[in-house]
Amino acid sequence: MRAKVKVVTIGGGTGLSVLLRGLKKYPLDLTAIVTVADDGGSSGKIRSDMNIPSPGDIRNVIAALSDVEPYLEKMFQYRFDSGEVKGHPVGNLMLAAMTDIHGDFSTAVKVMSKILNVRGTVLPTTNDIATLNAVLSTGEIIRGESSITKAGGVIDHVYITPSRVKANEDVLKAIENADYIVMGPGSLYTSIIPNLVISQVSEKIRESAAKKIYISNVMTQHGETDNFKVSDHIEAINKHVGENIFDIVIANSRVFDEDVLARYRKEKQEAVEIDYEKIAELGIKLIENYDVGIVENNTIRHNAEKVSELIYNYIIDDKPTMIYNKK
């Protein structure tokens, strides 16, 4: 029996979970490396009260990769709307309970992954309490993930405190053994890069022989990527990793209707433009597709099915003896 191709995804938030719902349908050995630096909402309260890493992004990824009856996933994602548990999803509370039982957040994630029959491996980047900080172009420092986007400044770089925060050993091994590393889509400075600035993660990525794939965001995000083109996202990641790491970028080529874009402009968001010459200068292969971005209920989002298909078909072409059933 041939070993499955090892694909490591790095990110957090809704972007990573959306991608994984598509990728899990393919015969790939998936590992999701997930940020735990969120300090807002339910995650922030549990993190503060119980002194554990933030569970929210982990919960979403577990739900995305789970293979259980829909009602069980729905219960796991259910958010209370009254009483002392108002605002808390059931899954966050279950992860907190499992951490209390086992005394270790990573173990809690493994146990919950078994309970929900996760197709792949879910790994928090660190088992420590990590705080994300952003240095703006003005030199001002914004502390805490939930405050960074709200600040609305131009971000120069981000970093994690305290400096003693360490990456999980399983994370470093997964990167070392990966055939492909996928980053994005998702909030650039608050979902993707926080994973990369934890000790040894960027070093392992630089050393890895894996092909690196970036899935560009479809829309800019006010307070993080205002006026960013595709290459700006890539260069921001390169800056934090320490070198130009990507082999492939997948980007949306659809031009959205003006009435949809007008609504986004009110929120200071624009469609991310493909800057062909700059991407070529970086030596990165561009895979652009009309169906990467779609509109549903007047909301622009990534098409997980198409993005996953593009990744899978690229892998087939790159490693034709290892994967079958090209779609």
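# Close-up views of a predicted protein model

**Figure 1. His302 and the residues around it.** Leaving out residues up to four places away in sequence, His302 touches Val18, Pro185, Ile215, Ser216, Asn217, Val218, Val292 and Val307. Bear in mind as you look that this is a predicted model. His302 belongs to strand S12, which covers residues 299-302. Is His302 buried or exposed? With a relative accessible area of 12%, His302 is buried, because anything under 20% counts as such. Look also for a polar atom of the His302 side chain, which lies 2.9 Å from the backbone oxygen of Ser216.

**Figure 2. Gly184 and Pro185, joined by a cis peptide bond.** The bond between Gly184 and Pro185 is cis, with omega at about -5°. Gly184 sits in the loop that runs between strand S7 (180-183) and helix H9 (188-196), and Pro185 is found in the loop between S7 and H9. Pro185 may be familiar from the first view, where it was listed among the residues that His302 touches. Gly184 is buried, at 1% relative accessibility. Which residues does Gly184 touch, not counting residues up to four places away in sequence? They are Ile10, Leu19, Ile192, Tyr214 and Ile215. One more pairing is worth finding here: Gly12 is 172 residues from Gly184 in sequence, while the C-alpha atoms of the two are 8.5 Å apart in space.

**Figure 3. A cis peptide bond at Thr161 and Pro162.** Here the bond joining Thr161 and Pro162 is cis, and its omega is about -5°. Where does Pro162 lie? To find Pro162, follow the chain to the loop between strand S6 (155-161) and helix H8 (169-177).

**Figure 4. Ser43 in helix H2.** Helix H2 spans residues 41-50, and Ser43 is one of them. Ser43 has a relative accessible area of 4% and is therefore buried. Setting aside neighbours within four places in sequence, the contacts of Ser43 are Asp38, Ser54, Pro55, Gly56 and Asn92.

**Figure 5. Two asparagines with positive phi, Asn51 and Asn227.** Start with Asn51, in the loop between H2 and helix H3 (56-65). Its phi is near 55°, a positive value in a residue other than glycine. Now move along to Asn227, in the loop between strand S8 (211-215) and helix H11 (230-241). Asn227 is not a glycine either, yet its phi is positive, at about 65°. Are these asparagines buried or exposed? Asn51 is exposed, with a relative accessible area of 58%, and Asn227 is exposed too, at 71%.

**Figure 6. Stepping back to the whole chain.** To place the close-ups, picture a protein chain with 14 helices and 12 strands. Its radius of gyration is 19 Å, close to the 20 Å that the globule rule gives for 327 residues, so the chain is as compact as a globular protein of that length. Along the principal axes, the C-alpha trace spans about 55 × 50 × 40 Å. Of the 327 residues, 55% count as buried. Among contacts with a separation of 6 or more, 70% are between residues 24 or more positions apart. The accessible surface comes to about 14,800 Å², and 47% of this belongs to carbon and sulfur atoms. As for charge, there are 38 positive and 44 negative side chains, and the centres of the two sets lie 4 Å apart.

Technical notes:
Residues numbered from 1 in each chain as written. Predicted model: local features only at pLDDT ≥ 70, side-chain atom pairs only at ≥ 80, totals over all residues. Heavy atoms only, no water. Helix = DSSP H or I, 4+ residues; strand = E, 2+ residues; numbered from the N terminus. Rg over C-alpha atoms; globule rule 2.2 N^0.38 Å. Buried < 20%, exposed > 50% of the residue type's maximum accessible area, 1.4 Å probe, protein only. Contact = heavy atoms within 4.5 Å. Areas by Shrake-Rupley, 256 points an atom, 1.4 Å probe, with all protein chains shown as cover. Lys, Arg positive; Asp, Glu negative; His and termini not counted. Charge placed at Lys NZ, Arg CZ, Asp CG, Glu CD. Polar contact = N/O pair within 3.5 Å; in protein donor to acceptor, adjacent residues only side chain to side chain.
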